[in-house]
Amino acid sequence: MYLSPPLIMNPLPVTLNELSCGGMKFFTTSPIPTRFLFAIVFNTPFAKKIYAEAKILHVNKVDDGYMVGASFVNIKPEMREKIDLMAQDYNVCEETRKYENKDFCKTNCAYMPICEKNVKPDAASSKQKKKRK
């Protein structure tokens, strides 16, 4: 996931840590000022793209970078609903992988298009097909 221009000069790589319909928490190696506005683009299975604008609420220095909290602003209700679907699936995945099944991945996950985990149904089905041969 990247923070996108034109609100910043160059795309900034970030790693998502939490997502909700109200905002998100992410990790980055670059410092970002609080109250900074930025654009986010999510690619999803149910819409070509979800555009959102967010505002940095807090930035905390961690060992190798910064943990950043941001809230969505000026977001259309239909975009908020779509982000909420992604957030619900993301949270189910995180909780299931943490406590029950490390290799868990939902086949119809709304979060999947931006997921960076190495366990996905297409990868799993390819492994199964290879085993059968």
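## Strand pairing, core and confidence in a predicted model

Strands β6 and β7 pair in the antiparallel sense, over nine bridges. Two residues lie between these strands, which form a hairpin. Within this pairing, Val-59 stands opposite Val-68 of β7. The model is predicted.

**Overall layout**

The protein chain contains seven strands and two helices. Starting at the N terminus, its elements follow the order β-β-β-β-β-β-β-α-α. Of its 133 residues, 38% count as buried. The exposed area of the chain is about 8500 Å², with carbon and sulfur atoms supplying 52% of it. When contacts between residues at least 6 apart in sequence are considered, 46% of them join residues at least 24 apart.

**Nonpolar core**

The largest nonpolar core has 29 residues. Which of its residues touch the most other members? They are Leu-19, Met-24, Phe-26, Phe-38, Phe-72 and Tyr-111. Several elements each supply at least two residues of this core, and they are tabulated here with their residue ranges.

| Element | Residues | Supplied to the core |
|---|---|---|
| β3 | 15–20 | at least two residues |
| β4 | 23–28 | at least two residues |
| β5 | 37–42 | at least two residues |
| β6 | 50–62 | at least two residues |
| β7 | 65–73 | at least two residues |
| α1 | 77–99 | at least two residues |

The element that gives the most to this core is α1, with five residues. The hairpin strands β6 and β7 are also among the suppliers.

**Helix α1**

Helix α1 has 23 residues. From its first C-alpha to its last it reaches 33 Å, close to the 33 Å expected at 1.5 Å a residue. The buried residues of α1 are Met-79, Ile-83, Met-86, Ala-87, Asp-89, Tyr-90, Cys-93 and Thr-96. Asp-89 and Thr-96 thus appear in this buried set together with residues such as Ile-83 and Met-86.

**Confidence**

For the protein chain the mean pLDDT is 76, and 75% of its residues reach 70 or more. Which element has the lowest mean pLDDT, and which the highest? Helix α2 (residues 121–132) has the lowest, at 43, whereas β7 has the highest, at 93. The pLDDT is below 50 over residues 123–133, and this stretch has zero contacts in the model beyond near neighbours in sequence. Where pLDDT is low, predicted coordinates should not be read in detail.

Definitions and conventions: Residues are numbered from 1 along each chain as its sequence is written. This is a predicted model: local features need pLDDT of at least 70, side-chain atom pairs count only at pLDDT 80 or more; totals for chains, interfaces and linings use all residues. Side-chain values use heavy atoms; hydrogens and water are left out. A nonpolar core is a set of buried Ala, Val, Leu, Ile, Met, Phe, Trp, Tyr and Cys residues joined through side-chain atoms within 4.5 Å. Buried means under 20% relative accessible area, exposed over 50%, partly exposed in between (1.4 Å probe, protein chains only). Helices (H or I, at least four residues) and strands (E, at least two) are DSSP runs, numbered from the N terminus. Two strands pair if DSSP finds at least two bridges between them. The expected span of a helix is 1.5 Å times one less than its number of residues. pLDDT is the predictor's confidence in each residue, from 0 to 100. Contact means heavy atoms within 4.5 Å. Accessible areas come from the Shrake-Rupley method with a 1.4 Å probe; for residues, only the protein chains shown count as cover.
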